[in-house]
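Me: I have a structure open and want to talk it through. Can we start with the ligand and then go through the fold?

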Amino acid sequence: MNEVISKPVLDKGWVRLEEYMGADSAVIRAARICYQSESKSDDADIRLVRRLLKSDPKHNTVFEHSVFRFNVKCPIFVARQWMRHRICSYNEKSLRYCTADREYYVPADELPDRETYIQHMEASFDLYEHLVEQGWKKEVARGILGTAVYTEFIWTVNAWSLMNWMEKRLDKSAQWEHAEYARAILEIFHQVMPVTAQAFEEFILVK
Ligand SMILES: Cc1cc2nc3c(=O)[nH]c(=O)nc-3n(C[C@H](O)[C@H](O)[C@H](O)COP(=O)(O)OP(=O)(O)OC[C@H]3O[C@@H](n4cnc5c(N)ncnc54)[C@H](O)[C@@H]3O)c2cc1C
């Protein structure tokens, strides 16, 4: 087991890297089997990884041998976008079986009618809890809650698919709240796969 790396995101969310396998060395191992070559030095390995990410078309499958499992807590509207990314595995907290916690995203900015937004969220939770007390099924009562409510899921993803997610969700067209998660995970990526992360920033993010 690796040490859990945790980063707070937004007002009540977080990302936690629970476990990973392989990191940069898995990419190097996969590439070396292709060429039946042996590592001559750390510098040669770094040059190899950089070349793999710089080349066009890219030798992408070698990055699939490095795998991450994250635990994520984010607003439902972020999770909804996140789960459009299919090349990975998810399991999410079920509001059929679990009662929703009274936790929802509130933007930090002093936006007009921010208090009205909070009152609306509180009122929706009051009604949700009332309906559950009255015997409504949780899976039906949840229908009145908004997408700012926090959810939690685990996400197992390989490094290639992770870079695809980061490239899309760090783009200036991505929603700011989702990009905050991508920025936190990019920091973790640098800690775990420093060589690949550096090359990713240089050759893919800065285009
Ligand atoms: C800024 C932004 C705005 C967006 N707006 C919308 C929107 O308004 N509406 C909306 O529906 N979506 C929207 N999306 C989601 C977007 O269309 C993608 O579904 C999402 O980004 C996942 O990307 P992906 O398919 O590359 O990732 P993954 O699903 O992880 O797939 C990774 C790669 O695998 C390959 N692949 C996976 N499945 C298939 C397949 N079935 N056929 C062929 N190749 C496949 C592709 O090469 C793909 O790039 C938006 C995304 C972004 C970043």
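Reply: Before the ligand, one term: a residue counts as near a molecule if its C-beta atom, placed from the backbone, lies within 6 Å of it. Also, this is a predicted model.

Me: Fine. Which residues surround the ligand?

Reply: R84, H85, R86 and I87 do, along with S161, N164, K168, S173 and A174.

Me: How does that shell split by class?

Reply: Three residues are charged, four are polar and two are nonpolar.

Me: On to the sheet. What's the strand order?

Reply: β1-β2-β3-β5-β4, five strands in an open sheet with antiparallel pairing. The edges are β1 and β4 (89-92), each of which pairs on one side only. On average, neighbouring strands are turned by 20° against each other, ignoring direction.

Me: How many bridges between β1 and β2?

Reply: Five, linking residues 5-9 of β1 to residues 13-21 of β2 in the antiparallel sense. One of the pairs is P8 with W14 in β2.

Me: And what joins those two strands?

Reply: They form a hairpin, with three residues between them. L10 sits in the turn and has a positive phi of about 55°.

Me: What about the other neighbour of β2?

Reply: β2 also pairs with β3 (residues 67-75), antiparallel, over seven bridges. There, R16 has N71 in β3 as its bridge partner.

Me: Which strands does α7 lie across?

Reply: Helix α7 (residues 176-192) lies across β1, β2 and β3, at about 160° to β1. Helix α6 (residues 159-169) lies across β3 and β5 (150-158), and its angle to β5 is about 130°.

Me: Which residues touch the most others in the largest nonpolar core?

Reply: V15, V27, V49, L162, Y181 and I185, out of 47 residues in that core. The largest share, six residues, comes from α7.

Me: What does V15 touch?

Reply: Leaving out residues up to four places away in sequence, V15 touches K7, V9, F70, V72, Y181, A184 and I185.

Me: Different spot: V195. Is that one buried or exposed?

Reply: V195 is buried, because 21 other C-beta atoms lie within 10 Å and the cut-off for buried is 20 or more. V195 belongs to helix α8 (residues 194-205).

Me: Which residues does V195 touch?

Reply: D24, I46 and V49, again not counting residues up to four places away in sequence.

Me: And where is V195 relative to I5?

Reply: Their C-alpha atoms are separated by 18 Å, while along the chain V195 and I5 are 190 residues apart.

How values were computed. Residues are numbered from 1 along each chain as its sequence is written. This is a predicted model: local features need pLDDT of at least 70, side-chain atom pairs count only at pLDDT 80 or more; totals for chains, interfaces and linings use all residues. Two strands pair if DSSP finds at least two bridges between them. Helices (H or I, at least four residues) and strands (E, at least two) are DSSP runs, numbered from the N terminus. Ala, Val, Leu, Ile, Met, Phe, Trp, Tyr, Cys and Pro count as nonpolar, Asp, Glu, Lys and Arg as charged, and the others, Gly among them, as polar. Axes are lines fitted to C-alpha atoms, for helices over the stretch in contact, and angles run from 0 to 180 degrees between N-to-C directions. Two residues are in contact if their C-beta atoms, placed from the backbone, lie within 7 Å. A nonpolar core is a set of buried Ala, Val, Leu, Ile, Met, Phe, Trp, Tyr and Cys residues joined through C-beta atoms within 7 Å. A residue is buried if 20 or more other C-beta atoms lie within 10 Å of its own, exposed if 12 or fewer, and partly exposed in between; C-beta atoms are placed from the backbone.
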